[in-house]
Amino acid sequence: MGFNKLKNRSGKKIGVIALSVALFLASPINGGCGKGKKVPGLENFRLSVIQQRLYVAFVSTTLSWDYGVTTAIPGLKDATVTVAPDLITGGTVFQFSIGLAALLNDGKPFPLSGLPDGRAIPDIEGGVLPRWDAEIEQLKLSVYLSNEVFGLFVPLKFISKKGVTLPWLVSMKIRDERGNLLGKVYAIPQNVGGSGSGLLILLPYLGGAPQGGGPTKK
Amino acid sequence: MFYIQGRRGRFALYGLVSLVLISMLAATGCGKGTRKNIKIDGVVGPTVNFIDNKLTMAVVLKNVQLDVGARVAIPKLPNSYLEIGPDFQTNGLLVFIGVDATDIKALVGDAFNVLDPLTLPGGRPLPGIAEGWLPGLAIEVPKLHNVIIYAGTALLGVFIPAPLPWKDYIGTFRFYDGAGDRIGNISIVGKDSSDQNSGILLLVNLSGKVGNLVGL
């Protein structure tokens with residue numbers, strides 16, 4: 001298969017990528033039970049700043065792709081998302097990168113917002129952060145960009161085979177291989193109107209270095 | 001156990017089916033692939049061999065012409081070299097890199113101490129590397145801007161600038177040797193938002209077959 005053919009498919013592929021991220025991110029909720037010890041199927045969580053860019057990545061050990069794509073995130077300046085075969089493990093690497101200037105919107109902060117449905121962001125003082133919404137195909141992503149916390153919200157519905165929806169917020173800690181706390185993942189239940197559920201990742205970030213603690217506590 | 005349902009869920013299902021179908025086109029099994037390397041328009045190779053105690057990587061850029069050749073020393077790798085010159089078969093440019101096993105052993109053991117962290121030129125993360133970066137060094141090469149050598153604890157890679165028409169896309173594929181064994185990843189790096197920094201990225205895993213050949 002030639003690269004041109006792959007590139008021509010990239011529009012749909014972007015949606016698949018975004019969706020795969022969402023699907024993959026949803027999988028820890030199924031099996032993690034919020035113990036905070038280890039996220040099943042997820043390894044090598046990385047958060048770093050190199051040459052004025054923020055890089056966030058993790059490896060899915062349960063997906064094994066023979067090829068992948070890196071592409072710009074539409075509407076979000078200087079940001080890319082990547083899904084690619086992991087060089088070492090045979091799994092699949094998910095990567096997100098953004099320039100720090102874009103992260104801070106060139107000094108013009110994005111409007112402070114909570115979750116897309118207006119509810120407060122958990123574990124964040126005041127419940128709001130500068131938010132940027134991006135649409136990749138049919139999937140709407142919300143990216144939280146501040147000089148303290150990086151966040152990502154993917155709208156998803158969590159519902160059991162018997163039709164029971166996720167009744168309460170579930171959170172789990174993300175740790176690196178040394179046990180350092182990198183951030184938290186939250187499964188947000190639907191609101192009283194039956195919408196607004198999704199998966200939220202919050203990674204504290206201060207002064208260009210990953211922080212050892214979790215997001216800012218109330 | 002919770003599942004994804006609703007409108008997004010249907011999209012999820014569509015996406016999952018699409019993913020499976022696309023994967024089936026590209027692979028005959030989970031992670032097994034066709035064990036054939038991607039063909040790149042305007043490029044021959046790259047090819048990887050281990051000859052005369054050197055790990056060699058060669059690629060021909062059909063759309064780049066150079067009348068004379070040059071051999072360039074690689075900083076911090078005293079027994080290795082990079083060579084460019086006209087390719088007589090295609091009239092393109094042959095880029096040949098020979099990294100001596102001695103240099104590889106010295107470099108991969110100490111790369112994080114002696115080399116700067118480098119991403120792709122322009123700042124995009126290295127695909128297939130969770131960190132998005134590796135210790136690396138840039139080699140200034142006539143006609144090619146900077147060729148970058150990357151090294152990790154069990155990785156060796158090279159980025160060769162090449163004029164490619166695509167923009168804002170990078171395709172990454174598993175890379176196989178002549179025997180059909182996976183030895184790394186190859187990425188076709190399209191131009192970034194500044195219309196620059198396109199090229200070919202080859203990352204070789206030194207923890208398996210290649211590492212045994214090198215003697216790691």
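Which elements of chain B have the lowest and the highest mean pLDDT? Colour chain B by pLDDT and look for two strands: S1 (residues 2–3) has the lowest mean pLDDT, 32, and S13 (residues 199–205) has the highest, 91. Keep in mind throughout that this is a predicted model.

**Stop 1: the whole of chain B**

Select chain B and switch to a cartoon view. You will find three helices and 13 strands. Chain B has 216 residues, and 45% of them count as buried. Among its contacts with a separation of 6 or more, 51% join residues 24 or more positions apart. The mean pLDDT of chain B is 78, with 83% of its residues at 70 or more. For the complex, the predictor gives an ipTM of 0.72 and a pTM of 0.69.

**Stop 2: residues 1–31**

Now select residues 1–31 of chain B. Here pLDDT stays under 50, and the model has 50 contacts beyond four places in sequence for these residues.

**Stop 3: a five-stranded sheet**

Next, bring up strands S2 to S6 of chain B. These five strands form an open, antiparallel sheet, in the order S2-S3-S6-S5-S4. Strand S2 (43–51) and strand S4 (70–74) of chain B each have a single partner strand, so they stand at the edges, with one side of each left without a neighbour in the sheet. Turn the sheet to follow its twist, which averages 15 degrees from one strand to the next. As background, strands of a sheet pair through backbone hydrogen bonds, either parallel or antiparallel.

**Stop 4: from S4 to S5**

Zoom in on S4(B) and strand S5 (residues 77–86) of chain B. Five bridges pair these two strands in the antiparallel sense. Select Val72(B) to find Leu82(B) of S5(B) opposite, then move to Ile74(B), whose bridge partner in S5(B) is Leu77(B). Which residue takes a positive phi in the hairpin of S4(B) and S5(B)? Select Lys76(B): its phi is near 70 degrees, and the hairpin has two residues between the strands.

**Stop 5: from S5 to S6**

Carry on along S5(B) to meet strand S6 (residues 93–100) of chain B. S5(B) and S6(B) run antiparallel and are joined by six bridges. Try selecting Pro86(B) and Leu93(B) together; Leu93(B), in S6(B), is the bridge partner of Pro86(B). How many residues lie between the strands in the hairpin of S5(B) and S6(B)? There are six, and in this hairpin Asn91(B) takes a positive phi near 65 degrees.

Notes: Residues are numbered from 1 along each chain as its sequence is written. Chains are lettered from A and ligands numbered from 1 in the order in which they are written. This is a predicted model: local features need pLDDT of at least 70, side-chain atom pairs count only at pLDDT 80 or more; totals for chains, interfaces and linings use all residues. Two strands pair if DSSP finds at least two bridges between them. Helices (H or I, at least four residues) and strands (E, at least two) are DSSP runs, numbered from the N terminus. Axes are lines fitted to C-alpha atoms, for helices over the stretch in contact, and angles run from 0 to 180 degrees between N-to-C directions. A residue is buried if 20 or more other C-beta atoms lie within 10 Å of its own, exposed if 12 or fewer, and partly exposed in between; C-beta atoms are placed from the backbone. Two residues are in contact if their C-beta atoms, placed from the backbone, lie within 7 Å. pLDDT is the predictor's confidence in each residue, from 0 to 100.
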